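Trainee: Could you take me through how one reads a ligand shell and a sheet in a model of this kind?

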Amino acid sequence: MFLISFNRLHPKPLTYRVTSMRTQIGTDLPFAPPPGPRPLPVIGNVLRFGNDKNILFHFIDLWNEYGDVAHVKLGSLHVYVVADPEHVHHVLVKNPNNYIKGTGYTGFRLLVGQGLVTSDGDLWWRQRRLMQPSFTPKSIVHYFDMMVETTARMLDRWENPTPSPALAASAAPNSPYTHSQQSGNTLVMDDEMTRLTMSIISKAIFGVDLGEESGEVSDAFHEAFAFVTERTMSAFALPMSVPLPKHRQFARSLQVIDDFVGRQIAKGRQQESNTLLSILLRARDEETGTAMNEKQLRDEVVTLFLAGFETTARSLTWGWYLLSRHPQVMEQLRAEVDTVFGGRRPTLDDLFRLNYTRRVVDETLRLYPPTALLGRQIVADDVIGGYRVPAGGIVMLAPYLTHRLPTVWPDPERFDPDRFLPEAVAQRPKSAYVPFISGPRVCLGNNFALMEMTLAFAMAAQRYCLIATTDTEISAAFRGSTCPSQPLALQLLSRA
Ligand code: HEM
């Protein structure tokens, strides 16, 4: 995921420019370069971005000011911001081979190597073909019982919550959370959701729970991910060979991860099981009949682990934030859950009847797509919206912005799950809703994540009410994914 940060609450209201669609690839028209601020020699428009890391909102402002395809020069790099669904569709679906991951993912590769998220070309295609069958809707049903069991364990623990480290840290003098923390019934949802999604993905991949207890391996994953995120976001990063303390710490974390994954692979070779790792160990390419080598397998499972817990945890946290601020939506969700579950544990059939809960999930991912911003490197000159986008530049897609275009999403800041009623969905343009992106590189784990999120909201609502402790708005900060800029503390009440 393209790692960039921002922490402003909302961009300026969007003034969507209605222009004719001018995607005219293959014609001989002399296409103009897209408009943008005048660059200074050498540094380009870097000063405009300042150093406050609100880069998403800088891109949004730029797009507001210059329209459909906005150009900015960052040093020697040409960047083109696009958000209109038709342009997004062009990049992701119609001409995806021209828009690769390329150099924007270098920092992330230090940790995940050439796994599915970071690879390009033939390697990506071979691996996707090999892994896709394990993530079809039919295949992921296999994880349903484990997800229910893991979510139920979390909910049992909530009967006797222990104060979390993040809450303790936030409970400084004058903290609004101090009282509730002492009474032991306030949860920091960020922590809870991270523990849950880490438990689920580690059980799915390795058959081991890395979420419930913080330990050496989960710490190493957290630290290593934080390091590559920060490195990708910094304007200047020293080579890894420079022996800085943080470089040495990263090397240690990487060693812990590699030792753990190595042990799991060795175990998987000896003993067949239903874990994803075991399935991938035995997977054979349908054309060549070959299996993944050890390094590739390592890269893929580390990729799945990181892609699998962070994004889903953030989305669940935002969902709780939205639900706690919209009691009438919460009420409707609860009514559905009571009707569908009828007081017992969910079954697989129930999942397909949780239509409103699923719409809450969809609307959460619209307002807070974890991947708010993602970059693609342009392989060959192309034309988007009637403008020339030359090879070597970066196209910057911003799902956060695409999901807020007033022409597509009336009153875009309003939290309204009914935007996802089937008749409303059918009327929207293709690639207007892209939390998992669209096209061949669509998120491999989308069905897995949707099942996990729907179950988590429904099962928690069945047993508890989660109530906001303050009406302070929480802003978004983009640190590899769209995170709340402060811990989300909710008060927990058991339902009578
Ligand atoms: C709400 C949760 C999730 C969201 C919003 C999400 C979103 C995304 C997005 C936007 C991408 C494209 C990234 C890019 O092109 O730069 C992606 C790719 C990917 N995601 Fe997810 N993801 C989620 C959960 C998961 C889970 C649970 C897994 C694994 C079990 C997963 C595995 C992957 C993989 C392997 C890719 C790379 C696919 C490829 O390029 O072929 N994701 N995800």
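Mentor: We will take the ligand shell and then the sheet, keeping in mind that this is a predicted model.

Trainee: Which residues come nearest to the ligand?

Mentor: A residue is counted as near when its C-beta atom, placed from the backbone, lies within 6 Å of the molecule. Here 25 residues surround the ligand, and those that come nearest are Ala307, Thr311, Cys443, Gly445 and Ala449. By residue class, the shell divides into 16 nonpolar, seven polar and two charged residues.

Trainee: Which helices supply at least two residues of that shell, and which gives the most?

Mentor: Helix H14 (294-325) and helix H20 (446-463) each supply at least two, and H14 gives the most, with seven residues.

Trainee: Why is the ligand said to lie between domain 1 and domain 2?

Mentor: The ligand lies between them because residues of its shell come from both domain 1 (1-106 + 374-409) and domain 2 (113-371 + 435-494).

Trainee: In what order do the strands of the open sheet run, and which stand at the edges?

Mentor: Two strands are taken as paired if at least two bridges are found between them. On that basis five strands form an open sheet with mixed pairing, in the order E1-E2-E8-E5-E3. Strand E1 (69-74) and strand E3 (99-100) stand at the edges with a single partner strand each, so one side of each has no neighbour in the sheet. E3 runs antiparallel to strand E5 (residues 374-378), to which two bridges join it, and Ile100 has Gln377 as its bridge partner in E5.

Trainee: Which helix packs on the sheet?

Mentor: Helix H2 (residues 55-66) does, touching E1, strand E2 (77-82) and strand E8 (394-397), and the direction of H2 makes about 130° with that of E1.

Methods:
Residues are numbered from 1 along each chain as its sequence is written. This is a predicted model: local features need pLDDT of at least 70, side-chain atom pairs count only at pLDDT 80 or more; totals for chains, interfaces and linings use all residues. Helices (H or I, at least four residues) and strands (E, at least two) are DSSP runs, numbered from the N terminus. Ala, Val, Leu, Ile, Met, Phe, Trp, Tyr, Cys and Pro count as nonpolar, Asp, Glu, Lys and Arg as charged, and the others, Gly among them, as polar. Domain bounds come from an automatic or database domain assignment. Two residues are in contact if their C-beta atoms, placed from the backbone, lie within 7 Å. Axes are lines fitted to C-alpha atoms, for helices over the stretch in contact, and angles run from 0 to 180 degrees between N-to-C directions.
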